Amino acid sequence: MFSIFQRIQQYCGFVTTVTVFLTAAISISSLIQEHFFISIPRASINLQSIDVRFGKPHLGYNYKRQEYALMRFDLDADLTPLFTWNTKQLFVYLAATYPGKPYSNKVIVWDTIIQDKEDAVISLQDATADYSIYDVTGKFNGRNATLSLEWNVQPYVGLLTWNKGIERHRFEFPQLKQAR
Amino acid sequence: MSDFQTLLLEGPIDFVGQQLADSITFYLVSIVGAVAFLVGIIAGDISLTAYTCALFFTAGFVIVVFPWPFYKRHLLKWLPPTTQN
């Protein structure tokens, strides 16, 4: 500590060490709070209508004409329990899962970002999905699918955690109505 | 080197002052870190933790790094130069 540069180095090095311990303590404490002290948020999904059409699912070059599905749904969810002191924002999304060969498919049809605890109550009536679903084979063939609400808690410091909502809604892709 | 250059580039302080600077570093930074964590977790607001840390760490930098007079209270007494035969 005999010169200015020595003192700068010592001081800043110790501040860095303490900051590392502090962020570790914050992230561990919020993980413990999420696991043991927080009740699971409640949600309900209702699929109002699903419409399978034939055509280009997006505007743009190089999309082939294929079957694609548009959905309208109701969603009620109260995600306020997920906000701890370390929560920066929640990424909430509705995902549709359906089988396929060789792997099952999972498509996000709607998402939102929630940054405040006050905005964490979702109440949507007859909302349209942001994104349409189209399969790699180009056809749905009336497969069964499940719609579930999932969320990703993004903290200020620490690990990202993903969680499935407990509300699921099973449905079938309806067959294409008109001939191609 | 002039005295001003020495002051600016080296900032020398005596040994007791160095020990004091070391103690201030250790206690100020670790206690502020612990207290900021407790304040944040009790109030439920992480920005309290961040801002108290920023404020006190900057104040600590100013206190520790610069060669203040209270670090120079116990200057070494050099013997007078001996005459060469």
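In which kind of crossing, left-handed or right-handed, does helix 1 of chain A pass helix 2 of chain B? I began my notes with this question, and I keep in mind throughout that the model is predicted.

**Entry 1: two helices from two chains**

I looked up the crossing and found that helix 1 of chain A passes helix 2 of chain B in a right-handed one. Helix 1 of chain A covers residues 4-36 and helix 2 of chain B covers residues 15-43, and the two pack at an angle of about 20° with their axes 10 Å apart. Angles under 35 degrees count as roughly parallel, and helix 1 of chain A and helix 2 of chain B are therefore roughly parallel to each other.

Next I listed who meets whom. On the side of helix 1 of chain A, I noted residues including A:Arg7, A:Tyr11, A:Phe14, A:Leu22 and A:Ser29. On the side of helix 2 of chain B, the residues in this contact include B:Thr25, B:Phe26, B:Gly33, B:Phe37 and B:Ile41. Sorted by class, the contact has 13 nonpolar, four polar and one charged residues.

**Entry 2: salt bridges**

How many salt bridges are there over all chains? The count comes to four, and I followed up some of them in chain A.

I started with A:Arg53 and A:Asp51, whose side chains meet in a salt bridge at 2.9 Å from N to O. A:Arg53 counts as partly exposed because its relative accessibility is 37%, and A:Asp51 is likewise partly exposed, with a relative accessible area of 26%.

I then turned to A:Asp126, which forms a salt bridge with A:Arg72, the closest N and O atoms being 3.1 Å apart. This pair links distant parts of the chain, since A:Asp126 sits in strand 5 (residues 121-128) and A:Arg72 in strand 2 (residues 66-78), 54 residues apart. I found A:Asp126 to be partly exposed at a relative accessible area of 34%, and A:Arg72 to be partly exposed at 31%.

**Entry 3: a bridge with a buried partner**

A:Glu150 forms a salt bridge with A:Lys106, and here the closest N and O atoms are 3.0 Å apart. A:Glu150 lies in strand 7 (residues 144-155) of chain A and A:Lys106 in strand 4 (residues 105-114) of chain A, so the pair ties together parts that are 44 residues apart in sequence.

Is A:Glu150 buried or exposed? I found that A:Glu150 has a relative accessible area of 5% and is therefore buried, as buried means under 20%. Its partner A:Lys106, by contrast, is partly exposed, with a relative accessible area of 45%.

Definitions and conventions. Residues numbered from 1 in each chain as written. Chains lettered and ligands numbered in written order. Predicted model: local features only at pLDDT ≥ 70, side-chain atom pairs only at ≥ 80, totals over all residues. Heavy atoms only, no water. Axes fitted to C-alpha atoms, helices over the stretch in contact; angles between N-to-C directions. Helix = DSSP H or I, 4+ residues; strand = E, 2+ residues; numbered from the N terminus. Parallel < 35°, antiparallel > 145°, perpendicular 65-115°, else oblique. Left-handed = near helix turned anticlockwise from the far one by under 90°. Contact = heavy atoms within 4.5 Å. Nonpolar A, V, L, I, M, F, W, Y, C, P; charged D, E, K, R; others polar. Buried < 20%, exposed > 50% of the residue type's maximum accessible area, 1.4 Å probe, protein only.
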